[in-house]
Every structure is written in C-alpha cells, then in structure tokens.
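Okay, thanks for coming, everyone. I'll put the structure up, and then we can walk through it together.

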Amino acid sequence: MATAAQTPRFTHPAARGTCPFAPPPAYRQAQQEEPVSRITLWDGSASWLATRHEDVKAVLADPRFSADSTRPGFPFLTAGVRQLNAGRPTFIRMDDPEHARLRRMLTGDFVIKKVEALRPRIQRIADDLLDRMTADGRTGADLVREFALPLPSLVICLLLGVPYQDHEFFQECSRVMLRRESSAEEVGAAQDRLVDYLNRLTEAKRTQPDDGILSRLVERGELTTAEIGAMGRLLLVAGHETTANMTALSVLALLRNPDQLDHLRRHPEAVTGAVEELLRYLTIVHSGLGRVATEDVDLGAVRIRAGEGVVCMISTANRDEDEFPDGDELDLTRDARRHLAFGFGVHQCLGQPLARLELQIALATLLRRLPELRLAVPFEDVRFRGDMLIYGVHELPLAW
Amino acid sequence: MLVQIDQEKCCGAGHCVLAAPDVFDQRDEDGIVVLLDARPPAELHQAVQDAAAVCPAAAIQLDQAPDRA
C-alpha cells in the first residue's frame with residue numbers, strides 16, 4: 001500500500017491546458033494513473049490529492065477527515081488562505097459538534113421554501129439590472145460588471161442587512177482576499193478592513209435592528225459581535241463571488257456550445273437541470289477543498305496517516321468518467337445532480353439553494369430578454385480567473 | 001420501501017426537498033429534515049432513492065425490502 005514516503009509527482013496549483021473550462025491536464029492524468037497521489041503545495045509542503053468522484057465524496061463525507069484548519073497538517077492552498085484562517089476561523093473550518101451548532105444558526109435562512117419565496121425579488125433585481133444594461137439603445141456591455149456581479153451582491157446585501165452602496169468597498173476586499181498571488185499581509189489587511197466594517201455594522205444593529213441575518217444573530221444573543229462579524233464576512237464573500245463567477249462563466253460556456261444554448265432557448269423550463277450541469281462542468285472552486293486526517297485512513301490504494309492533508313479536487317471529480325460518461329462534454333440534458341461543485345458532507349455549501357435560484361433566474365432572464373446575445377471580443381481575448389481562488393472570467397464583453 | 005431520517009446528522013442542504021417534496025420537508029427554524037411519508041408509494045421510490053444518494057450528510061436511510069414496500 002502506498003504511503004507518504006513517495007516523492008510528489010504533481011504540484012498545486014497545476015497549469016490549465018488548452019480548454020479554459022477544463023481542469024488542469026496534470027490532474028486528469030493523476031485521475032487516470034494515480035487517483036490518490038502526492039502533491040507539493042505552494043509552500044513546499046506535501047499533501048495528498050484526491051481526484052476521483054468516489055474518493056473525493058468519501059473524504060468529504062468522512063468525519064475522520066477534519067475541516068479544522070488549526071490542526072497541524074491542514075493543507076492551505078495559498079499563503080492568503082492560511083492567513084484567512086489565522087486567528088479564529090469560521091465554522092466552515094470547524095468540525096461537529098461546534099460546526100453544526102454554528103451552522104444551524106444560519107440554515108433556517110436557506111430553507112428551500114424561504115429561498116423560493118425570494119424569487120419575485122430576485123427576478124425584479126435581474127430585470128432592473130438588464131433594464132439599465134440595455135437602456136438608451138445600448139448594444140453591448142461587460143456582463144460581469146453590469147449583471148453577474150451586482151445581482152448576487154444585491155441579494156446577499158438584502159439577506160444580511162448590509163447596505164449595497166458599500167459594494168465597491170467589500171468587493172475590493174474580497175478581490176484581494178481571493179487573489180492567489182496576494183501576500184499574507186495583503187490578505188490580512190483586506191480581511192481586517194472587512195471584518196471591522198461588519199463588526200461596526202453588527203454593533204449598529206443592536207440599536208437599529210432590521211430583518212436581516214446580522215440583526216437576527218444579534219437578537220439571538222448567543223454570539224459576540226466579533227463572531228457575528230466573522231460569519232457576516234463569510235456569507236458576504238461567499239454569497240457574491242461564487243454566483244457572480246458561475247453566472248458569467250455559464251454564459252460564456254453556453255455561447256461556446258451553441259447547440260446547448262439553442263436547447264436552453266427552446267426549453268426554458270429545463271433551466272433547473274441546466275444549472276446543475278453547468279455547476280458540474282465549470283466547478284469554479286477550482287483549487288479544491290482541504291481536509292486533514294485525524295487517524296490513519298485507507299483511501300483507494302493508499303494509506304493516509306493521521307496528520308496528513310488531502311486536497312479534494314472537486315473539478316476533476318465532476319468530470320470522472322465513471323460517474324459522468326463523456327464528462328468533458330457540456331450536456332444540459334444530463335442528470336448532473338450528483339456533482340460535487342458545492343462540496344459534500346456536512347460542510348456542503350450552506351447557500352446552495354440561493355445560488356441555484358440566482359443562477360436559474362439570471363440565465364433564464366438573460367436568454368429570454370437578449371435573444372441575440374454574443375461575445376463581443378475574440379474568445380482568445382477573454383481573461384480567465386486562473387489567478388483567483390474562485391474561477392471565472394474577469395470581464396465578459398457581450399453584444400446583443 | 002421504508003424511509004428513515006436522522007435529524008442529528010442532517011445539515012439542512014435541502015436536496016431531499018428538491019428531489020422528493022412529497023416525502024421530505026424542512027423545519028422552518030433551522031432547515032432540518034422532516035419526514036412526511038415513511039412509506040412512499042412506488043411511483044416516488046426513484047425520487048426517494050435520488051434524495052438519499054445526493055444527501056451530503058447520509059441522513060436518509062432506505063429499507064427497500066419488497067415485503068415492507
């Protein structure tokens with residue numbers, strides 16, 4: 001049985017190949033030849049890399065693999081990520097029962113029925129943004145700036161009780177926090193500014209309560225201002241960056257697959273399944289998810305020792321041929337619900353019902369209102385976010 | 001088919017409600033799973049199996065013995 005004694009064959013992050021939608025070829029090679037392999041991380045430390053659907057799912061569902069980033073051996077994917085988790089991490093970097101206690105303070109806000117009840121408001125936001133984008137006979141715009149980013153930002157501000165007028169500030173903080181090349185100092189400073197801002201906002205809710213999540217956590221009386229501020233930071237960043245990038249990247253993927261775009265135009269009711277397939281195919285959390293073993297665990301052909309890290313590569317898992325035949329093809333008619341784009345196990349994305357609804361509304365509304373939608377620059381000129389922890393495109397210039 | 005749920009394990013992701021809304025619901029206050037029908041009719045079995053398969057917390061157990069269907 002293989003153990004950590006082997007020399008790492010791969011480095012993280014690996015370079016992408018010719019298709020900007022596909023995971024790095026090196027990880028696909030690992031998936032074929034050595035599905036649980038050794039990798040070298042940015043700081044020279046070694047970790048395991050899990051690339052198959054079955055193995056990734058097994059690790060993320062197994063409580064013997066800890067999400068607690070204060071444990072020695074936890075694999076941080078960049079210097080910035082290590083900095084983000086310095087001090088007291090949020091519940092996504094904790095294990096049960098503490099993780100469950102804190103998460104359950106928020107799960108009530110993401111119940112399917114409650115999220116579905118937001119549909120008219122999100123639809124209105126989408127329509128308002130498109131009204132502005134197409135006003136005065138305009139025939140082109142950057143979709144990221146005018147639609148994909150403001151839509152989820154407006155929605156998460158509404159849910160949290162954060163004033164949207166501050167969006168340039170918090171979007172800039174999150175850009176620095178999620179840039180792979182940001183130094184620990186830059187990430188720390190951006191995080192401090194954002195946390196200070198949310199702490200002040202939380203304090204203000206004590207005297208001026210509203211119906212947002214921050215206010216409700218204050219009223220609950222179980223958490224300190226700093227704990228609520230940290231939770232708010234997590235929700236604010238996760239709530240807008242991910243959906244924004246999924247929206248823009250989905251539109252680009254559809255434009256590059258005209259038969260699929262045509263299918264969705266002819267079957268707008270298929271948008272629910274289409275979003276699942278796009279989540280699978282694009283998997284914007286492209287750096288993977290880290291865990292650390294708390295005891296020796298056998299995974300496939302290898303033995304992972306207590307204290308060793310595992311990076312779960314959900315992007316390759318979502319293209320595993322054993323789980324998704326022809327996984328490199330975007331096929332909107334596929335049942336893709338077993339994808340791991342939101343992770344798996346008890347840490348699976350808390351906001352996924354909201355993300356799904358936002359994506360469904362964003363794509364359906366765009367396609368309905370702009371039947372002539374097309375890319376306004378050569379595909380080769382689109383700047384992909386290989387430099388960011390959340391994949392996507394920096395801009396998406398479109399014409400209609 | 002006999003459906004059993006474990007509310008302690010549930011993490012409130014809501015997949016079961018999307019897959020089989022006649023069989024599963026969520027508590028309003030914290031999104032934890034509520035079982036509506038422990039012995040769903042045959043036409044819902046596939047949807048219930050889908051729900052169990054995508055549950056991230058393994059909170060749904062199915063007993064598919066035909067004599068108990």
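**Salt bridges, then the rest**

So, let's start with a count: by the rule used here, there are 31 salt bridges over all chains. Keep in mind that this is a predicted model. If you're new to salt bridges, here's the basic idea: side chains of opposite charge can pair when their charged atoms come close.

Let's pick a few of them. Look for A:R52 and A:D322, whose side chains form a salt bridge with N to O at 3.6 Å. Why is this pair worth pointing at? A:R52 sits in the loop between β3 and α2 of chain A, while A:D322 sits in the loop between α15 and α16 of chain A, so the bridge ties together parts that are 270 residues apart in sequence. Now, are these two buried or exposed? A:R52 is partly exposed, at 21% relative accessible area, and A:D322 counts as exposed, at 62%. This pair also has company: A:R52, A:E54, A:D320 and A:D322 are linked in a network of salt bridges.

Another one in chain A is A:R220 with A:E222, at 2.9 Å from N to O. Both ends are partly exposed: A:R220 has 39% relative accessibility, and A:E222 has 42%.

Okay, on to where the chains meet. How many salt bridges does the rule find across the interface of chain B and chain A? Three. One joins the side chains of A:R337 and B:D50, with N to O at 2.8 Å. Several elements of chain B take part in the side that touches chain A: α1 (15–19), β2 (24–26) and α2 (45–54) each supply at least two residues. The largest share, four residues, comes from α1(B). If you sort the residues on that side of chain B by type, you get twelve nonpolar, six polar and eight charged.

There's another salt bridge with one end in each chain, between A:K113 and B:D28, where the closest N and O atoms are 3.9 Å apart. This pair crosses from helix α5 (residues 112–116) of chain A to the loop between β2 and β3 of chain B. Both residues are partly exposed, A:K113 at 44% relative accessible area and B:D28 at 45%.

Let's zoom out to the whole interface. On the chain B side, 26 residues are in contact with 18 residues of chain A. The size of an interface is often given as the accessible area lost when the parts come together. Here the area buried between chain B and chain A is about 1,700 Å², and carbon and sulfur atoms give 50% of that. Which residues of chain B lose the most area to chain A? They are B:C11, B:D28 and B:P56, and together they make up 27% of what that side buries. You've just met B:D28, in the salt bridge with A:K113. As for polar contacts, the count between chain B and chain A is twelve residue pairs.

Now let's go inside chain A, beginning with strand β3(A), residues 46–50. β3(A) is mostly covered, with four of its five residues buried. What does β3(A) pair with? Strand β2(A), residues 36–40, runs antiparallel to β3(A), and five bridges join them. For one spot to find on screen, A:I39 stands opposite A:S47. The hairpin of β2(A) and β3(A) has five residues between the strands, and there A:G44 takes a positive phi near 90 degrees. Then there's strand β9(A), residues 309–312, which runs parallel to β3(A) and is joined to it by three bridges. In that pairing, A:W48 has A:V310 as its bridge partner.

Last stop: helix α8(A), residues 150–160. How many of its eleven residues are buried? Nine, so to speak: the helix is mostly covered. Among the buried ones are A:L151, A:V155, A:I156 and A:L159. What covers the buried residues of α8(A) includes α6, α7, α9, α11, α12 and α16 of chain A. Just after the helix comes A:G161, whose phi is positive, near 90 degrees.

That's the tour, so grab the structure and try finding these spots yourself.

Technical notes. Residues numbered from 1 in each chain as written. Chains lettered and ligands numbered in written order. Predicted model: local features only at pLDDT ≥ 70, side-chain atom pairs only at ≥ 80, totals over all residues. Heavy atoms only, no water. Contact = heavy atoms within 4.5 Å. Buried area = accessible area lost by both parts, 1.4 Å probe. Salt bridge = Lys/Arg side-chain N within 4 Å of Asp/Glu carboxyl O. Polar contact = N/O pair within 3.5 Å; in protein donor to acceptor, adjacent residues only side chain to side chain. Nonpolar A, V, L, I, M, F, W, Y, C, P; charged D, E, K, R; others polar. Buried < 20%, exposed > 50% of the residue type's maximum accessible area, 1.4 Å probe, protein only. Pairing = 2+ DSSP bridges.
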